[in-house]
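Let's work through a few exercises together. Have the picture and the sequence open, and try each task before reading its solution.

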Amino acid sequence: MKEVEKNLKGKWVLITGASSGFGMDFANIFAESGANLILVARRLEPMQELKNKLEAAHKIKVEVIPTDLSTKEAPVTLYNTIKAKGIIVDALVNNAGFGIYGEFIEAPWEKEEMQLMVDVVNLMHLTKIFLKDMVARNFGYILNISSIGGYQPSPLYASYSAAKSYVLNFTEALNYELRNTNVKVSTLAPGVTRTGFQETAAKEKPLSTYQKLSMMESRPVAEIGVKGLMKGTPSVMPGFMNKLSIFSLRFTPRRVMAFMVYRLMKID
Ligand SMILES: NC(=O)c1ccc[n+]([C@@H]2O[C@H](COP(=O)([O-])OP(=O)(O)OC[C@H]3O[C@@H](n4cnc5c(N)ncnc54)[C@H](OP(=O)(O)O)[C@@H]3O)[C@@H](O)[C@H]2O)c1
């Protein structure tokens, strides 16, 4: 991608959730444009494989730092580890995340707390830590991954969609605060996309008809996100079906919204 090559070739991009799905696509996209990468997630093996593949193919440097982003200390530890290596992070992709499918009352609190730590608290903490350095240098890019679920109340994904609303509103506000700097902050709100997400959210749950019909492949979605980030677009939504369904919500009373989303997400 020309814009990435122009701005980030030879620089370092930190990608969380780089062991699967969108994270791997982001790694490929930035690597193809000559950026060095720091890959972060819990599973070492897939990241190590990705590192070997990308270093051989693109003559870039890749660091792998296995980290559990559900712990309170993870962001500071990660920052210190990167600093100790003498690396300056010029782009951060806060992509790690997962959802819990089902009635809110069913999931154990520990799982809810983990979801909030990964999807919200540490996304915000990493943004705070790395943004300070970026603003000091007056250069940088941060892409936070939200979801179309963040645009509405989503029964059966109640806490997940609320977490993604946080990411959406937080990032759009931050984008405005940074309008007079050379630091770009965007959020990408994918709809249903083929990654490991659905399996993590609900093991052995078949997809609903809506999910099957609106399913996108992850690479084009990731590309749309990176293009939006390069332009500094506050929020980016991929796919005509996703755009249409979110646009139609503007004319829908909130009580009806919850009912509609429930019908769409429920297994038939
Ligand atoms: N796919 C969709 O339909 C969809 C739609 C909207 C938004 N999203 C968002 O897209 C982002 C990427 O998800 P995906 O779709 O690519 O799903 P995925 O294939 O399941 O990938 C999720 C990534 O997050 C990482 N992760 C999860 N918990 C973590 C933890 N405690 N510490 C560190 N890393 C952790 C996973 O790595 P490890 O398991 O190795 O730790 C994995 O690399 C998420 O924020 C998700 O909410 C997905």
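A residue counts as near a molecule or strand if its C-beta atom, placed from the backbone, lies within 6 Å of it. The structure is a predicted model, in which local features need pLDDT of at least 70, side-chain atom pairs count only at pLDDT 80 or more, and totals for chains, interfaces and linings use all residues. Residues are numbered from 1 along each chain as its sequence is written.

**Exercise 1. Find the residues that surround the ligand, and the elements they come from.**

Step 1: The ligand is surrounded by 29 residues, and the closest are Gly 17, Gly 21, Arg 42, Gly 97 and Gly 196.

Step 2: Two elements, H2 and helix H7 (197-201), give two or more residues to this shell. Helices (H or I, at least four residues) and strands (E, at least two) are DSSP runs, numbered from the N terminus.

Step 3: H2 supplies the largest share of the shell, three residues.

**Exercise 2. Trace the open sheet of seven strands and find its edges.**

Step 1: Two strands pair if DSSP finds at least two bridges between them.

Step 2: The strand order is E3-E2-E1-E4-E5-E6-E9, and the pairing is parallel. Strand E3 (62-66) and strand E9 (235-236) each have a single partner strand, so one side of each is left without a neighbour in the sheet.

Step 3: For one pair in detail, take E5 (residues 140-145) and E6 (residues 183-188), which are joined in the parallel sense over six bridges. Here Tyr 141 stands opposite Lys 184 in E6.

**Exercise 3. Describe the largest nonpolar core.**

Step 1: A nonpolar core is a set of buried Ala, Val, Leu, Ile, Met, Phe, Trp, Tyr and Cys residues joined through C-beta atoms within 7 Å. Buried means that 20 or more other C-beta atoms lie within 10 Å of a residue's own, again placed from the backbone.

Step 2: The largest core has 64 residues, and those with the most contacts inside it include Val 13, Ile 15 and Phe 30. Helix H2 (residues 21-32) gives the most to this core, with seven residues.

Step 3: Leaving out residues up to four places away in sequence, Ile 15 touches Gly 23, Phe 26, Ala 27, Leu 37, Leu 39, Val 40, Val 93 and Asn 95. Contact here means C-beta atoms, placed from the backbone, within 7 Å.

Step 4: For the protein chain as a whole, 42% of the 268 residues are buried.

Conventions:
A residue is buried if 20 or more other C-beta atoms lie within 10 Å of its own, exposed if 12 or fewer, and partly exposed in between; C-beta atoms are placed from the backbone. Two residues are in contact if their C-beta atoms, placed from the backbone, lie within 7 Å.
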